[in-house]
Amino acid sequence: MCGIIGYLGDKQAAPILMDGLKRLEYRGYDSAGVAVLETSIHSSLTKSERKVDDLIAKIKANEPTGHLGIGHTRWATHGKPTIVNAHPHSDCYARIMVVHNGIIENFAELKAELEGKGHEFTSETDSEVIPHLVEDLYKGDLVTAVRQALQKVRGAYAVALYSHDDPELLIGARLNAPLVVGLGESEWFVASDITAIIPYTKRVLVLGEGEMVAISPVGPVVSSLDGVAVDPKIVHVDWDVSQAQKGGFDHFMLKEIQESPEAAANVLRGRIGDDGAVHFNEFEASDAELERIRNVKLLGMGTSLHAAMIGEYVIEDWAGIPAKADDASEFRYRRPLVGEDTLAVVITQSGETADTIMGMRQALERGALTVAVTNVVASSAAREAQGVIYLQAGPEISVASTKTFICHVISQYLLAMRLAEVRHRLPQERVAELVATLRGLPEAIRSVLALEPRIKELAQKYSRYSNFIFVGRGINYPVALEGALKLKEISYVHAEGTSGGTLKHGAIALLDEQFPVVAICTESPVREKMVSNVHEMAARDAPALALVTEGDRSLDGIAADLLVMPPADEPASAILNTVALQLFAYHVAVALGTDVDQPRNLAKSVTVE
Ligand code: G6P
């Protein structure tokens, strides 16, 4: 997730681009850049490998003049955050300037094809193929060349671009990534979201999937990528800047939960073939190296430890390798049995959690093959591990992790499939089922997000209790732990998670009519066991809120409340149930009036022991 902005109008472009980038910084902030057309043969290009403020200082020292320009603040996916990789990118003659947000899945083949034709690339990014493709296809009509170029691109993009050949033309296009067009008085904007342009205009043209806009001084023209004219949809937004940053939601946490379908699509993008073969760009361990693995250690803290526990479950189940999720703060002070036949999977959203990093070093010292799973490019974990699996979820601002947990879990599914592939452990039909499950996740998550009104109603009802137990079994046991963690983190209500089997060994003593239980009873091989657990809880008068699969009547009249979930297989259920519990925690916290995005005493990234 990056932030992009473009401007064409009667004012100076540079100050507007800088201002817009500053407000888009929450979308990515590891490097930034701006291009302004100064004359029809020269663009001023300014880049920084640091945050937007550094870029602004550079631009102010030598401010370009011109009325057409584009800018970008980056959240790296392909290539490190360096000047060379910072956007805008251009063609061989620096005439076509492009900023891009998204992931181009077929960039390697497009790049090879273009290099074969003599194009010279300077960066490691996937984005750089766009200006070269446009250059290659340009025959005097920029709009047509852009359209043809984008037809060759597979993946996700929001782009803004201009060319020296058309000094009064700004083009924007989008597919599976957001882009809005702002309509001012004699000025036009394209931007990743309304935040960037809200001080300038509240009239916004909403670009649909697979549509492009060509803006000239006579105004914008919208068309599909097939060249069919589209009637522009213009809306008036009345958000202030802070609402706009949160996408109109009251909190970043809710916005980030709502971004889960997009994040799930991004973590899968380009990583799984139709045959189920898994490929990780930055973790290129060979089949031979992976065959040598005899045990897997998964390290993490907090939410990431829960993702590690799900990883443990699927790696053992699918790949048949002994796996163990470990609290990194304990692991680092033990003398763990780790050696050259160990794969250490280091799960950390920020890539900076002190205990997790120390655990990783311990594993590295003992000769383990180490892969970091993180959302932050070039973070400490990413730099020190031998391989990296990036979550590609975009920045997460709310302290409580939501969309990155979903991506962590999906990355564990992919890793388990990769390990299973090397060992030929899963029959092809099972692999095909898993591929279908993974690909269906964005849509399935959307169907859970649609349950929000019901979840809110339940949360308001349950917000009067001061204690909760979350119960699950199998792959949904870590989900129960995560549900409890989310609730206590943001609502300050005491909540603990337990496995269904453990309940009888202690926690059941707590139950009475004032002590509710959230029970995950969706379809799975252990569903009936969970149903029995709910009977035991109800017998102790504990109000049970049970998550059940649509059509399942077995807890009617037993559980105090049912949350009916869409049908899903077990791996998908872990994700869907998590999203439901995230929404539940969120609405309990809102009902209690806590500081949802910055809960007391907690930090997003715990860089001390
Ligand atoms: C803190 C955060 C949690 C997070 C944990 C691990 O406790 O508040 O949300 O799960 O750190 O963070 P990491 O960046 O390593 O995933």
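Colleague: What is the order of the strands in the open sheet of five strands?

Modeller: In this predicted model, whose residues are numbered from 1 along each chain as its sequence is written, local features need pLDDT of at least 70, side-chain atom pairs count only at pLDDT 80 or more, and totals for chains, interfaces and linings use all residues. Side-chain values use heavy atoms, with hydrogens and water left out. The order of that sheet is β21-β20-β22-β23-β24, and the pairing is parallel. Strands here are DSSP runs of E with at least two residues, while helices are runs of H or I with at least four, and both are numbered from the N terminus.

Colleague: What makes β23 and β24 a pair?

Modeller: Two strands pair if DSSP finds at least two bridges between them. Strand β23 (residues 544–549) and β24 are joined in the parallel sense over five bridges, so they satisfy that rule. Within this pairing, Leu 545 stands opposite Asp 561 in β24.

Colleague: Which helix packs on this sheet, and which strands does the helix touch?

Modeller: Helix α18 (residues 527–539) packs there, touching β20 (467–472), β22 (517–520) and β23, where contact means heavy atoms within 4.5 Å. The direction of α18 makes about 165° with that of β22; axes are lines fitted to C-alpha atoms, for helices over the stretch in contact, and angles run from 0 to 180 degrees between N-to-C directions.

Colleague: Why are β3 and β14 called edge strands in the sheet of eight strands?

Modeller: That open sheet has the order β3-β2-β4-β1-β10-β9-β11-β14, with antiparallel pairing. Both β3 (42–48) and β14 (233–236) have a single partner strand, so one side of each is left without a neighbour in the sheet. From one strand to the next, the twist averages 20°. Further in, six bridges join the antiparallel strands β2 (residues 31–39) and β4 (residues 68–74), and Ser 31 stands opposite Arg 74 in β4. Helix α2 (residues 52–61) packs on this sheet and touches β2, β3 and β4.

Colleague: What makes Ala 35 count as buried?

Modeller: Ala 35, which lies in strand β2, has a relative accessibility of 0%. Buried means under 20% relative accessible area, exposed over 50%, and partly exposed in between (1.4 Å probe, protein chains only), so Ala 35 belongs to the buried group. The residues it touches, not counting those up to four places away in sequence, include Leu 17, Leu 45, Ile 70 and Tyr 162.

Colleague: How do you know which cysteines form a disulfide, and how many disulfides are there?

Modeller: A disulfide is a pair of cysteine sulfur atoms within 2.5 Å, and the structure holds zero of them. For Cys 407, the nearest cysteine sulfur, that of Cys 2, is 15 Å away, and Cys 407 is in no disulfide. Cys 407 is also buried, with a relative accessible area of 0%, and Cys 521 likewise counts as buried at 0%.

Colleague: Which residues come nearest to the ligand?

Modeller: Of the 14 residues around the ligand, Ser 304, Thr 348, Gln 349, Ser 350 and Thr 353 come nearest, where near means that one of a residue's heavy atoms lies within 4 Å.

Colleague: What makes the approach of Ser 350 to the ligand a polar contact?

Modeller: A polar contact is a pair of N or O atoms within 3.5 Å; within protein, one must be able to donate a hydrogen and the other to accept it, and residues adjacent in sequence count only if both atoms are side-chain atoms. An N or O atom in the side chain of Ser 350 is 2.6 Å from an oxygen atom of the ligand, so the pair falls within the limit. A polar side-chain atom of Thr 348 lies 2.7 Å from an oxygen atom of the ligand, and a polar backbone atom of Gln 349 is 2.7 Å from a ligand oxygen atom.
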